[in-house]
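Visitor: I am new to this structure and would like a guided look. Please keep the pace brisk.

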Amino acid sequence: MMIRNVIGSVLALIGATAAVWSPFRDWYDGRHGRDYRIQDLFNGISDTGAELRGSILLPFAFAALVTLIGLVLRSRLLVALAGVIVLGFTVLWMVRQGQAAGSLTVGGVGGGLGYGVAWAVGGGVLLLVAAAVMSGRTSAESDHTEPLILR
């Protein structure tokens with residue numbers, strides 16, 4: 001069981017890193033993910049740029065925080081929730097971008113979906129795989145009242 005938790009933890013860390021790194025890559029037509037405002041996901045994509053703290057990096061950073069908490073607590077549910085957050089915001093962005101552009105295209109020189117979207121999707125999927133691989137805490141471990149650090 002310990003090996004499963006280690007492998008799941010490594011996969012979760014890689015997935016969270018990919019998700020947080022994705023806004024710094026091209027998402028669509030050469031525009032970086034950090035340039036999309038969070039409110040664009042709910043009100044429609046605009047040409048207005050975003051400050052870093054108001055960009056779609058924020059939900060991915062939150063998902064990374066949830067991942068870290070999930071790993072410390074060995075909670076499969078929290079790691080899976082982080083994956084759902086990443087995939088949910090990525091799919092929501094894809095829907096809004098598709099509405100704004102009329103369609104989504106893949107590839108092309110300087111056009112279409114960029115590597116940032118692939119990193120976000122890959123990170124979200126890795127988080128879900130990590131949650132499936134992890135064995136989590138057993139009932140015997142959860143009966144102890146001492147902190148994890150002291151064990």
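About how much area does the protein expose, and what percentage of it do carbon and sulfur atoms supply? After that, please take me on a close look at helix α4.

Guide: The surface comes first. The protein exposes about 8200 Å². Carbon and sulfur atoms supply 67% of that area. Keep in mind that this is a predicted model.

Now the setting for the helix. The protein has six helices and two strands. Along the sequence they follow the pattern α-β-β-α-α-α-α-α. There are 151 residues, and 38% of them count as buried. Take the contacts between residues at least 6 apart in sequence: 66% of these join residues at least 24 apart.

On to α4 itself. It runs over residues 76-101, which makes 26 residues. From first C-alpha to last, α4 reaches 37 Å. That is close to the 38 Å expected at 1.5 Å a residue. Just after α4 comes G102, which takes a positive phi of about 90 degrees.

Which residues of α4 are buried? They are V79, A82, G83, I85, V86, L87, T90, W93, Q97 and G98. Here is a general point about spacing. An α-helix has 3.6 residues a turn, so residues three or four places apart point the same way.

What do the buried residues of α4 pack against? Their partners are α1, β1 (26-28), α2 (40-43), α3 (57-73) and α5 (115-133). Two of these partners, α3 and β1, are good places to look further.

Start with α3. A63 is found in this helix. A63 is buried, as its relative accessible area of 1% is under the 20% cut-off. Set aside its neighbours within four places in sequence, and A63 is in contact with A82, I85 and V86. Those three are among the buried residues of α4. A63 can also be compared with A80. They are 17 residues apart in sequence, and their C-alpha atoms are 9.9 Å apart in space.

Next comes β1, and with it the aromatic rings. A pair of aromatic rings is described by the distance of the centres and the angle of the planes. The count for this structure comes to five aromatic pairs. One of them joins W27 and W93. The pair is edge-to-face, 4.9 Å centre to centre, with 90 degrees between the planes. W27 lies in strand β1 and W93 in helix α4, so the pair ties together parts that are 66 residues apart in sequence.

Are W27 and W93 buried or exposed? W27 is buried, with a relative accessible area of 0%. W93 is buried too, also at 0%.

W93 has a second partner in Y28. The ring centres of Y28 and W93 are 6.4 Å apart, and their planes stand at 65 degrees, so this pair is edge-to-face. This pair also links distant parts of the chain: Y28 is in strand β1, W93 is in helix α4, and they are 65 residues apart. Y28 counts as buried, at 7% relative accessibility. Now put the rings together. W27, Y28, Y36, F60 and W93 form one aromatic cluster.

Another partner of α4 is α1. Helix α1 covers residues 2-21, and W21 lies in it. W21 is partly exposed, with a relative accessible area of 40%. W21, F24, L52, Y115 and W119 form a nonpolar patch on the surface. Together they have about 530 Å² of accessible area.

Last, a word on charges. Side chains of opposite charge can pair when their charged atoms come close. How many salt bridges does a search of the whole structure find? It finds two.

One salt bridge joins the side chains of D40 and R37, at 2.9 Å from N to O. D40 is buried, with a relative accessible area of 1%. R37 counts as partly exposed, at 22%. The other salt bridge is between R53 and E51, at 3.2 Å from N to O. R53 is exposed, with a relative accessible area of 67%. E51 is exposed as well, at 51%.

Conventions. Residues are numbered from 1 along each chain as its sequence is written. This is a predicted model: local features need pLDDT of at least 70, side-chain atom pairs count only at pLDDT 80 or more; totals for chains, interfaces and linings use all residues. Side-chain values use heavy atoms; hydrogens and water are left out. Patches are made of residues with over 30% relative accessible area and no salt bridge: like charges are joined within 9 Å, nonpolar side chains (Val, Leu, Ile, Met, Phe, Trp, Tyr) within 5 Å. Accessible areas come from the Shrake-Rupley method with a 1.4 Å probe; for residues, only the protein chains shown count as cover. A salt bridge is a side-chain nitrogen of Lys or Arg within 4 Å of a carboxyl oxygen of Asp or Glu. Helices (H or I, at least four residues) and strands (E, at least two) are DSSP runs, numbered from the N terminus. Buried means under 20% relative accessible area, exposed over 50%, partly exposed in between (1.4 Å probe, protein chains only). The expected span of a helix is 1.5 Å times one less than its number of residues. Contact means heavy atoms within 4.5 Å. Rings of Phe, Tyr and Trp (its six-membered ring) pair if their centres lie within 6.5 Å; planes under 30 degrees apart count as stacked, over 60 as edge-to-face and the rest as tilted.
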